[in-house]
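Let's look at some labels together and ask what earns each of them. Have the structure open as you read.

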Amino acid sequence: MKRRDFVKNTALSAIGASLIAPLGALAADRVTHLTSEELTLLPAIKDDYSLHFMALGDWGRNGEYDQLEVGKQMGLWGAAHPNDFVVSVGDNFYPKGVISEFDPLWHYSFENIYTAHSLQCDWYPVFGNHDYHSDVDAQIRYSKISRRWNMPARYYYKEISLNKAKNKEDEVVKKEPKENKQQAKAKALLIFIDTDPFLHEAQAQYVEKQMQWLNETLANVSEDVKWKIVIGHHPCYSVGPRIDNYDTVTMRKALTKTFEEHKVDVYLSGHEHSLQHLKPEGFTHQFISGAGSELTKVTAGVPYSRFQASEHGFMYFAVDEKRLNVRAINYQGEVLYQTELTK
């Protein structure tokens, strides 16, 4: 190596060394510890409810009848508001269900419609009457293929905690042991039932077995359960075209006694292609969220109806130990109706 090259390299090394030390010190001072949640675009609008979910019904039409538009709005709503999962109240695939867990309708009516990041959460469905026209159990089997489709059986239930600490502020509650112990037990019970067999005499034995399971499930809930929500496809009451239909009357006769005896807070259904809040005599509030695609008319002025709208959309539930808030939202993001039940 020539002398001038040696001097040049030595000088550069010295300069580099003099820079590395302060830069290294600067880097050391900037070490950060980030969690995945801190790097995620979390919903901008937060509230103090513990549990949030959307409810959608009568939707599977290859994106037609504004199904695609409703799906887009659900994605936007979920991006701006907390949401834990989606409940589907049946008629998931028109016109005749799916023929297998590999039916192309899974893509055309579900996977390629509800594509928003906020909708890549758990979906908990029930069957509708249209789902029964093909291999209905294919929708159960699809749970093993899809990350978000969760249907373990034809009827099932979930107990969900109402005390998930979602941020550091929630952890302050731990400083009050007695209060925290009581709150930590609070749960919501969601029971998913299979209603189409109720309409067919040939299914009487199956219906009897399901009703026995429903009554036992409701009878055996612990004191921790603050809200009892039953989800099925066919409503017990309606102000849509099926206001006095065989379907509606049959479900009313089958379920009313059980709902009253066990103080079911909410019965959530679809079948009628509209958004409704109904409060007939008795304990249970009834909500219909069947406006996921094609619409049908509603009738105003019926005494037990608190709200009805023949508009495309979905419902949004926010729940804590003492409050259950319900909003009806159309495909343009407008809140058409809001109500809150309290304990």
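The questions below deal with cores, a helix and a cavity.

This is a predicted model, where local features need pLDDT of at least 70, side-chain atom pairs count only at pLDDT 80 or more, and totals for chains, interfaces and linings use all residues. Residues are numbered from 1 along each chain as its sequence is written, and side-chain values use heavy atoms, with hydrogens and water left out.

Q: What makes a set of residues a nonpolar core, and which residues have the most contacts inside the largest one?
A: The members must be buried Ala, Val, Leu, Ile, Met, Phe, Trp, Tyr or Cys, joined through side-chain atoms within 4.5 Å; buried means under 20% relative accessible area with a 1.4 Å probe, protein chains only. The largest such core has 60 residues, and Met 74, Tyr 114, Ile 231, Leu 268, Phe 317 and Leu 324 have the most contacts inside it. A second, separate core has 26 residues, including Trp 213 and Met 251.

Q: How do you know how the span of H3 compares with the expected one?
A: Helix H3 (a DSSP run of H or I, at least four residues) covers residues 67-80. The expected span is 1.5 Å times one less than the number of residues; for the 14 residues of H3 that gives 20 Å, and the helix reaches 20 Å from its first C-alpha to its last, so the two are close. Among its buried residues are Gln 67, Met 74 and Trp 77.

Q: Why is the lining of the largest cavity said to have two charged residues?
A: Glu 260 and Glu 281 are among the lining residues, and they count as charged because Asp, Glu, Lys and Arg do.

Note on methods: Buried means under 20% relative accessible area, exposed over 50%, partly exposed in between (1.4 Å probe, protein chains only). On a 1 Å grid over the protein atoms alone, a cavity is a set of points where a 1.4 Å probe fits but cannot get out, and a pocket is an open set with protein on both sides within 12 Å along at least five of seven lines; lining residues have an atom within 4 Å of a point.
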